[in-house]
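Subject: Structure handover

Hello,

Please find the structure below. My notes on strands, cores and the cavity follow it.

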Amino acid sequence: MKADVLLGLQWGDEGKGKVVDVLTPNYNVITRFQGGPNAGHTLVFNGQKYVLRSIPSGIFQGGKINIIGNGVVLDPVLFKQEAEALAASGHDLRERLYISKKAHIILPTHRLLDAAYEAAKGDAKIGTTGKGIGPTYTDKISRNGLRIGDILCDFDKKYAAAKAKHERILKSLDFKYNIEEAEKEFFEALDYIKEFRLIDSEHVINRLLNEGQSILAEGAQGTMLDVDFGSYPFVTSSNTICAGACTGLGIAPTKIGKVYGIFKAYCTRVGSGPFPTELFDETGETICKRGFEFGAVTGRKRRCGWIDLVALKYAIMINGVTDLIMMKSDVLDGFETVKACVAYKTKDGITEEFPFDIKEEVEPVYTEMPGWNCDMTKVKSENEFPEEFNAYIAFLESELKVPIKIVSVGPDREQTIIRHND
């Protein structure tokens, strides 16, 4: 058996949580392979809205195993809040949620370091969520991190050493803080985590695959935020691409099956960093309002623009995408014209390849198409798609060379159209 991977192809916020929830009935196991609580996956069903930050999005489907993999960084306090909120709504996780012993822990001082580093950058700040993700991955790579498995043995000594190291850095940055209350919550949350199944996840996942169990690996942030292949340095601190599923779960490349790539019918970005198709006009504001483009975790307003096929083709290439899923098609309802960026105009000429650096001098080259005058939220099957929308899909498939298998026409689980285009 092979593990299928589902990931975002843009700058995040593509709607991964909803799609995982929709696809979960086809799988026995749902896993998270990278990122931390800086990513919020929003799911809406039965009139209720849920935002998941660390817990896999398959948790709402009964009888499924959900695994937080070794590539994830976990904030115990936020995890406890998230798990308790789900339990209060009738979703008890203890029997269905497993946590890798090799997942790294976000310490209270990691959050302080995140704030201190951003403050020190001034106008050059990256625009992090302030959740301590970057400093935690920094400690992981420099071999100074603490892992979930460490809470089972001699944790206090290891924590004291890490805290002392971080406090020396904070002092050098002249950053003022008070950590006492945060530490109290932190250690209470660690005791809470001990109530869950803490596992050697690489062994468990490979055993499940060998037993014929179907696994869906869920990414957190979008491809264009990948630390190696994204718009560096305005990226996250982990590998968000398909290869990250191998390192973040402990499975071989030969164990990867389908790769589902999710994208919006337009494009968004939150925080700092280049964004070639960003719109600063009324159209951009309209997309933002219709799509309710505000961060699920931070509440920050997202920047909006037309779809960028240069970046999308690049993301498809490095991920080996086999199936495309288009989200928020309904947000473009009512536009007389929709646009798609098919190339970049640079100082060296026109290119269809994603360049080393996408700075302000990169100018998008657009193709225009007629919009669709139809309320897509009412559509129940692809037979009801308007002609103009079918033309938009056909254009995208022609450009991207990968079939669009699923189209989302609203936030609810039921507003999902499975296309029969085999």
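Strand E2 (residues 29-32) and strand E5 (residues 65-68) run parallel, joined by four bridges. Keep in mind that this is a predicted model.

Within that pair, isoleucine 30 of E2 stands opposite asparagine 66 in E5. E5 also pairs with strand E7 (residues 97-100): three bridges, again a parallel run. There, isoleucine 68 stands opposite isoleucine 99 in E7.

Isoleucine 30 deserves a second look. Is isoleucine 30 buried or exposed? Its relative accessibility is 0%, so isoleucine 30 counts as buried; the cut-off is under 20%. Leaving out residues up to four places away in sequence, isoleucine 30 touches Val20, Thr24, Pro56, Gly58, Ile65, Asn66, Ile67, Leu216 and Glu218. Serine 57 is 27 residues away from isoleucine 30 along the chain, and their C-alpha atoms are separated by 7.6 Å.

Next, the sheet pairings around strand E16 (residues 337-346).

- Strand E14 (residues 307-308) runs parallel to E16, with two bridges between them. Aspartate 308 has cysteine 341 in E16 as its bridge partner.
- Strand E18 (residues 363-370) is antiparallel to E16, and the pair has eight bridges. Alanine 340 is matched with threonine 367 in E18 as its bridge partner.
- Strand E17 (residues 349-351) is antiparallel to E16 too, over three bridges. Tyrosine 344 has threonine 351 in E17 as its bridge partner. E16 and E17 make a hairpin, with two residues between them.

Now the cores. In soluble globular proteins, nonpolar side chains tend to be buried together. How many residues does the largest nonpolar core have? The count is 60. Leu309, Leu324, Met326, Leu332, Tyr392 and Leu396 have the most contacts inside this core. Helix H11 (residues 387-400) gives the core its largest share, six residues. A second, separate core has 36 residues, including Leu93, Ala116, Ile193 and Phe196.

Tyrosine 392 is one of the residues with the most contacts inside the largest core. What does tyrosine 392 contact, leaving aside neighbours within four places in sequence? The list is Ala265, Ile307, Met326, Leu332, Val338, Met369 and Trp372.

On to empty space. Rolling a probe the size of a water molecule over the atoms shows where empty space is left. The structure holds one cavity of 30 Å³ or more. The volume of the largest cavity is about 30 Å³. Which residues line the largest cavity? They are Leu9, Gln10, Met224, Cys267, Asp308, Ala311 and Leu312. By type, the lining divides into five nonpolar residues, one polar and one charged. Asp308 is in this lining, and aspartate 308 is also the bridge partner of cysteine 341 in E16.

One last residue: glutamate 183, in helix H6 (residues 180-193). Is glutamate 183 buried or exposed? With a relative accessible area of 15%, glutamate 183 is buried, because the limit is under 20%. Apart from neighbours within four places in sequence, glutamate 183 is in contact with Pro108, Tyr159 and Lys163.

Best wishes

Technical notes:
Residues numbered from 1 in each chain as written. Predicted model: local features only at pLDDT ≥ 70, side-chain atom pairs only at ≥ 80, totals over all residues. Heavy atoms only, no water. Core = buried A, V, L, I, M, F, W, Y, C linked by side-chain atoms within 4.5 Å. Buried < 20%, exposed > 50% of the residue type's maximum accessible area, 1.4 Å probe, protein only. Contact = heavy atoms within 4.5 Å. Pairing = 2+ DSSP bridges. 1 Å grid on protein atoms, 1.4 Å probe; cavity = no way out; pocket = protein on both sides within 12 Å on 5 of 7 lines; lining within 4 Å. Points joined across faces, edges and corners; volume = space filled by probe spheres on them. Nonpolar A, V, L, I, M, F, W, Y, C, P; charged D, E, K, R; others polar.
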